[in-house]
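Pull the model up in your viewer and keep it handy. We'll walk through it piece by piece, starting inside one chain and working outwards.

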2 protein chains.
Amino acid sequence: MKSLGAKPMLFPLPVLMVATYSEDGSVNVMNAAWGGIYDDDKVVLALSPGHKTSANIRARRAFTLSVADKAHMTEADYFGIATGNKSTDKFAKSGLTAEKSSKVDAPVVTDFPITVECEVTDLIEEPETLHVIGRIKDVLVKDEILDDKGKVDITKAGALIYDTFSSSYYTIGEKAGRAFHEGAALMKK
Amino acid sequence: MKSLGAKPMLFPLPVLMVATYSEDGSVNVMNAAWGGIYDDDKVVLALSPGHKTSANIRARRAFTLSVADKAHMTEADYFGIATGNKSTDKFAKSGLTAEKSSKVDAPVVTDFPITVECEVTDLIEEPETLHVIGRIKDVLVKDEILDDKGKVDITKAGALIYDTFSSSYYTIGEKAGRAFHEGAALMKK
């Protein structure tokens, strides 16, 4: 075993597109890997306090999280390089499209396959990090990623996965097995 | 777009093996998908309050998180089906091996490719959920997943990815691109 030291390393990490409205009503999107499910109806995000997204979340108490896909990898990565503090036309330059969420005061980027609409329940401000807890109001999925029974077929989504060890994006490969099923044989031992 | 309702759905989710010591010193491991990076040196987990793992974390204030791999999918899934409350030999039945962490009061399951050693900094008790914040003390990786420069090559890890939409495990596929690089073209617009 090799020791890497105390670093923020896990796998997989998501490629989350955090979409908010700025004070002038323009759309801002940033790319975040530090986030996930916090409860049966909540998500958690860790953001730098100085991001435009952080200011927008404090002001509007709402955001959406979209899952980035390979078809929009250029745009998704751009949202992680460009800063909304300097360029108010950051989203416009991406060429993507957003609509107002019907559930929360935040935009839904309609190009991405999966979007979770959230209202803020808690903001935990630390010097280096803003922790955001959001209540999930709805999950929207594109019709193109549904199977013939209307269920999400993740293999159709082209969803990106972040590998923090190499700072790279991957897509999923083969299905390896079924949860709550593969381990059944060991239950009988 | 189809609305799925307010459900805890994001992609990807991890397949985290949460390892703790019980009061008798035996090893307990559970399978958790609700967790991720919380800060530059912290992780966050959401657990059911009644799990044996939750009791162990309250008592010992420490745990490790391993990334499950395809080679041990049967065992990893079994850790998500069996309960440590009823079977004190849950880990023994898995056939896996653990060593005492040198950093925290918790076991390291040496079969898994990546392990994050954590000490508890905060426990947030809610009726339905125990939120655990852990400080990362070290990250251990198996030599077999290192490239010839000593860096983690995630394609060698066989790491599992959880798809909550279909309750399935996947491994990663092809590399799609490089972070902080793919979006550079849009910066020039």
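Start in chain A, where E119(A) stands opposite R135(A) in β11(A). This is a predicted model, so keep in mind that local features are described only where pLDDT is at least 70. The pair you're looking at belongs to a long run of pairing: β10(A) is joined to strand β11 (residues 130-141) of chain A by eleven bridges, with the two strands running antiparallel. They form a hairpin, and four residues sit between β10(A) and β11(A).

Now go across to the other partner of β10. Strand β10 of chain A, residues 114-125, also pairs with β7(A), again in the antiparallel sense, over six bridges. If you want one spot to check there, pick T64(A): its bridge partner in β10(A) is E117(A). A general point helps when you read side chains off strands like these: in a regular strand they alternate between the two faces of the sheet.

Just ahead of β7 there's a backbone detail to look at. R61(A) lies in the loop between α1 (52-60) and β7 (62-67) of chain A. Its phi is near 55 degrees, which is a positive value in a residue other than glycine.

Next, how do the two chains relate to each other? Chain B can be laid on chain A with an RMSD of 0.0 Å, using a turn of 180 degrees and a shift of 0.0 Å along the axis. That is the relation of a two-fold axis. The same surface serves both copies, with 100% of the contact residues of chain B recurring in chain A. And which residue of chain B comes closest to the rotation axis? It's G173(B), with its C-alpha at 1.8 Å.

G173(B) falls within the residue range of β13 in chain B, so let's look at that strand. Strand β13 (residues 168-178) of chain A and strand β13 (residues 168-178) of chain B pair with each other, antiparallel, over seven bridges. Two bridge partners let you trace the pairing: G177(A) has Y169(B) as its partner in β13(B), and K175(A) has Y170(B).

Y170(B) has a neighbour on the chain B side too, since I161(B) stands opposite Y170(B) in β13(B). That contact is part of the pairing between strand β12 (residues 161-163) of chain B and β13(B), which run antiparallel and are joined by three bridges. Together β12(B) and β13(B) make a hairpin with four residues between them. In its turn, S167(B) has a positive phi of about 50 degrees.

Zoom out and these strands fit into one sheet. Six strands form an open sheet in the order β2(A)-β12(A)-β13(A)-β13(B)-β12(B)-β2(B), and the pairing is antiparallel. At the edges stand β2 (13-14) of chain A and β2 (13-14) of chain B; each has a single partner strand, so one side of each is left without a neighbour in the sheet.

Follow the chain back from β2 and you'll meet a cis peptide bond. In chain A, the bond from F11(A) to P12(A) is cis, with omega near -5 degrees, and P12(A) lies in the loop between β1 (2-3) and β2 of chain A. In chain B, F11(B) and P12(B) are likewise joined by a cis peptide bond, with omega about -5 degrees. P12(B) is found in the loop between β1 (2-3) and β2 of chain B.

F11(B) turns up again in the contact between the chains. That contact takes 88 residues from chain B and 88 residues from chain A. Between them the two chains bury about 8,000 Å², and 66% of it is on carbon and sulfur atoms. In chain B, the residues that lose the most area to chain A are M1(B), F11(B) and I37(B), together 10% of what that side buries.

What about empty space inside? Rolling a probe the size of a water molecule over the atoms shows where such space is left. Here the count comes to one cavity of 30 Å³ or more, and about 80 Å³ of space lies in the largest cavity. Its lining has 13 residues, with P14(A), G35(A), P12(B), P14(B) and G35(B) lying nearest the centre. P12(B), you'll recall, is the residue joined to F11(B) by a cis bond.

Both chains contribute to these walls. β2 and β5 (35-39) of chain A, together with β2 and β5 (35-39) of chain B, each supply at least two residues of the lining. The largest share, three residues, comes from β5(A). How does the lining divide by class? It has nine nonpolar residues, four polar ones and no charged residues.

Definitions and conventions:
Residues are numbered from 1 along each chain as its sequence is written. Chains are lettered from A and ligands numbered from 1 in the order in which they are written. Side-chain values use heavy atoms; hydrogens and water are left out. Copies are superposed by least squares on the C-alpha atoms of residues with pLDDT of at least 70 in both. Contact means heavy atoms within 4.5 Å. Two strands pair if DSSP finds at least two bridges between them. On a 1 Å grid over the protein atoms alone, a cavity is a set of points where a 1.4 Å probe fits but cannot get out, and a pocket is an open set with protein on both sides within 12 Å along at least five of seven lines; lining residues have an atom within 4 Å of a point. Grid points are joined across faces, edges and corners, and a volume is the space filled by probe spheres set on the points. Ala, Val, Leu, Ile, Met, Phe, Trp, Tyr, Cys and Pro count as nonpolar, Asp, Glu, Lys and Arg as charged, and the others, Gly among them, as polar. Buried area is the accessible area (1.4 Å probe) that two parts lose on being put together, summed over both.
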